[in-house]
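Biologist: I'm completely new to this structure and would like a close look at one small part of it. Could you start from that spot and then walk me outward?

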Amino acid sequence: MSDKEAMPDVQMTEKVSSNEGTALEWDESDEKRIRNRMDVRIVPTVFALYLMCFIDRANIGNARIQGMATELHLTGFRFNWALTIFYFSYIAVEIPSNILLKYIGGRFYLPSLVIAFGLISMCGAFVQTHTGLFVLRFFLGLAEGGMMPGIAYYLSCFYRKNELLFRMGIYITGATMAGAFGGLLAAALSPIPSWGAASMKIHAWRNIFFFEGLFTLLIAGLGMLILPSKPDACKFLTERDRWIAIERINREHKESAYEPTTPNHVRRAIFNINNLICALGFFSINITVQSFSLFLPTILVNLGWTQLKTQLYSVPPYIVACIYAIGIARVSDVYKRRGIFIIGGTVVSMVGYIMLVTVKTNSLKYFAVFLACIGAFPQGPAFLAWGLNNAAGTSVRAVTSGFIVALGSAGAIVATWSYLEKDKPNFYRGHYINIGAQVVACALACLGIWYTKWENRQRDAGKRDHRSVGLTEREKIALGFRNPEFSLQI
């Protein structure tokens with residue numbers, strides 16, 4: 001740390017090792033105080049931002065059964081193409097967006113993305129043709145692409161490895177709760193009487209897009225007022241606490257918070273075994289999560305239920321999955337394990353989809369929906385947290401988050417074609433695709449456990465020590481996750 005950033009003398013019990021020539025120590029009570037203050041500001045805010053992100057993405061499924069498919073002539077595969085086009089632009093922007101986030105800071109960049117997709121969602125109320133819907137979904141993907149990897153990277157700059165998944169679990173339950181709120185909001189907004197100019201009346205499914213986009217803009221404004229850009233810019237912390245907040249992350253990851261992003265960081269994030277495993281696992285999980293979110297209303301309405309009953313009955317599975325996801329994330333952080341909890345979730349989800357294929361009664365099919373949901377939804381953040389935990393260096397973590405979500409989001413393209421109109425009412429093809437996706441995710445989690453254990457044994461045996469021989473402390477920090485002292489999370 002430079003002289004201008006030097007801190008006053010303090011007496012604490014944990015030594016900082018990320019900066020040469022600086023000795024500062026602290027104890028757990030200091031960390032707990034800092035962590036709690038960050039939690040109050042950061043976690044609820046990013047939860048709200050991601051909640052609106054997923055509501056604006058998935059509300060097309062609710063709008064479809066409220067008359068959009070008929071009014072926009074979404075015949076054949078047009079609805080599936082509307083879903084697919086979103087992910088083309090969504091995937092393309094994820095890594096560049098995270099690099100921008102690293103330089104701009106989360107306080108302004110993340111809420112700006114929310115403002116953008118809120119405005120685009122409102123424009124959905126004025127779409128007149130299926131071609132217009134395709135264009136709108138493309139631009140919605142551009143705006144939303146940076147949100148999930150961006151928030152994940154942002155949180156990794158504030159929280160230690162064994163603190164991260166619980167906080168990620170909370171914010172990503174925004175996706176789960178979006179299913180619940182989306183159904184409730186659709187049920188509440190679609191009956192609003194027709195209003196607006198005579199040439200462009202807003203009604204039924206158009207109300208869903210307009211008002212949900214408006215709510216998004218309000219949340220974005222609050223986010224810009226509340227979020228700090230980085231740990232050492234938290235105005236709600238003292239000068240000493242701000243220094244500790246950033247140094248505890250630097251020390252754990254053997255990194256410097258101020259390193260510039262170079263092509264080498266990009267290569268290091270993409271071409272390593274752990275990140276590839278996590279990205280492919282996220283891909284498999286995302287097939288299930290996205291197909292569930294986009295097609296649950298379609299699956300339920302084909303049980304013979306009314307539109308209103310379908311919207312309301314789509315809510316409980318998400319609520320249960322939300323509670324389960326937060327709980328399992330907390331347990332995973334406490335035990336400092338990722339892979340074993342992913343395996344458990346994939347098994348539960350597999351059972352749910354097997355039941356959807358085999359059982360006959362609507363009540364059992366609805367119970368199977370709960371299993372499919374609670375098994376799948378926690379596993380995406382688990383794979384993402386696993387990758388971030390084993391990436392060191394702020395630049396490498398920024399690219400890691402973007403890479404895992406970018407490759408993983410390609411699974412959503414598969415998801416958009418998993419439930420086709422010609423397969424109703426049973427949709428066996430879609431259920432079989434999701435069973436296969438969960439099997440692959442389970443196998444990748446097993447592979448990830450084996451690899452991280454093997455690599456840690458190599459480091460413990462001194463077989464990676466040659467990497468740091470003759471290096472200065474700063475050069476050792478630059479090694480990132482390749483540093484022999486860096487331990488991979490299992």
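In which loop does His-73 lie?

Modeller: His-73 lies in the loop between α1 (28-71) and α2. Those labels count helices from the N terminus, where a helix is a DSSP run of H or I with at least four residues, while a strand would be a run of E with at least two. Before we go on, this is a predicted model, with local features needing pLDDT of at least 70, side-chain atom pairs counted only at pLDDT 80 or more, and totals for chains, interfaces and linings using all residues. Residues are numbered from 1 along each chain as its sequence is written, and side-chain values use heavy atoms, leaving out hydrogens and water.

Back to His-73, then. Its phi is near 55°, which is a positive value in a residue other than glycine. His-73 has a relative accessible area of 52%, so it counts as exposed (exposed is over 50%, buried is under 20%, and partly exposed is in between, using a 1.4 Å probe and protein chains only).

If you'd like to see that backbone feature again, scroll along to Ala-204. This residue isn't a glycine either, yet its phi is positive, at about 45°. You'll find Ala-204 in the loop between α7 (161-189) and α8 (205-226).

Now for the helices on either side of His-73. On one side is α1, whose axis comes within 9 Å of the axis of helix α5 (residues 130-144), and the two cross at roughly 160°. Here an axis is a line fitted to C-alpha atoms, for helices over the stretch in contact, and the angle between N-to-C directions runs from 0 to 180 degrees. α1 and α5 are therefore roughly antiparallel to each other (that means over 145 degrees; under 35 is roughly parallel, 65 to 115 roughly perpendicular, and the rest oblique).

On the other side is helix α2, covering residues 78-92. It packs with α11 at an angle of about 140°, and the two axes are 13 Å apart. That angle makes α2 and α11 oblique to each other. Look at Phe-79 while you're here, since Arg-64 lies over the face of its ring, at 4.1 Å from the ring centre. A charge counts as sitting over a ring if NZ of Lys or CZ of Arg is within 6 Å of the ring centre and within 35 degrees of the ring normal. Elsewhere, Arg-330 does the like with Phe-166, lying over its face at 5.3 Å from the ring centre.

Next, follow α11 itself, which takes in residues 273-301. One of its residues is Phe-292, which counts as buried because its relative accessibility is 6%. Phe-292 and Phe-88 are 204 residues apart in sequence, and from C-alpha to C-alpha they are 19 Å apart in space.

α11 also meets helix α17 (residues 394-416): their axes come within 6 Å and cross at roughly 40°. That crossing makes α11 oblique to α17.

Moving past α17, you get to the loop between α17 and α18, and Pro-425 is found there. Check the bond joining Lys-424 and Pro-425, because it's a cis peptide bond, with omega at about 10°.

After that loop, helix α18 spans residues 428-460, and Leu-447 lies in it. With a relative accessibility of 41%, Leu-447 counts as partly exposed. Its C-alpha atom is separated by 11 Å from that of Leu-276, although the two residues are 171 apart along the chain.

For a last stop, try helix α16 (residues 379-389), which is mostly covered, as 11 of its 11 residues are buried. Among the buried residues in α16 are Phe-383, Trp-386 and Leu-388, along with Gln-379 and Asn-389. Pro-378 sits in the loop between α15 (362-376) and α16. At 6% relative accessibility, Pro-378 also counts as buried. Finally, Pro-378 and Gly-327 are 51 residues apart along the chain, and their C-alpha atoms are separated by 9.6 Å.
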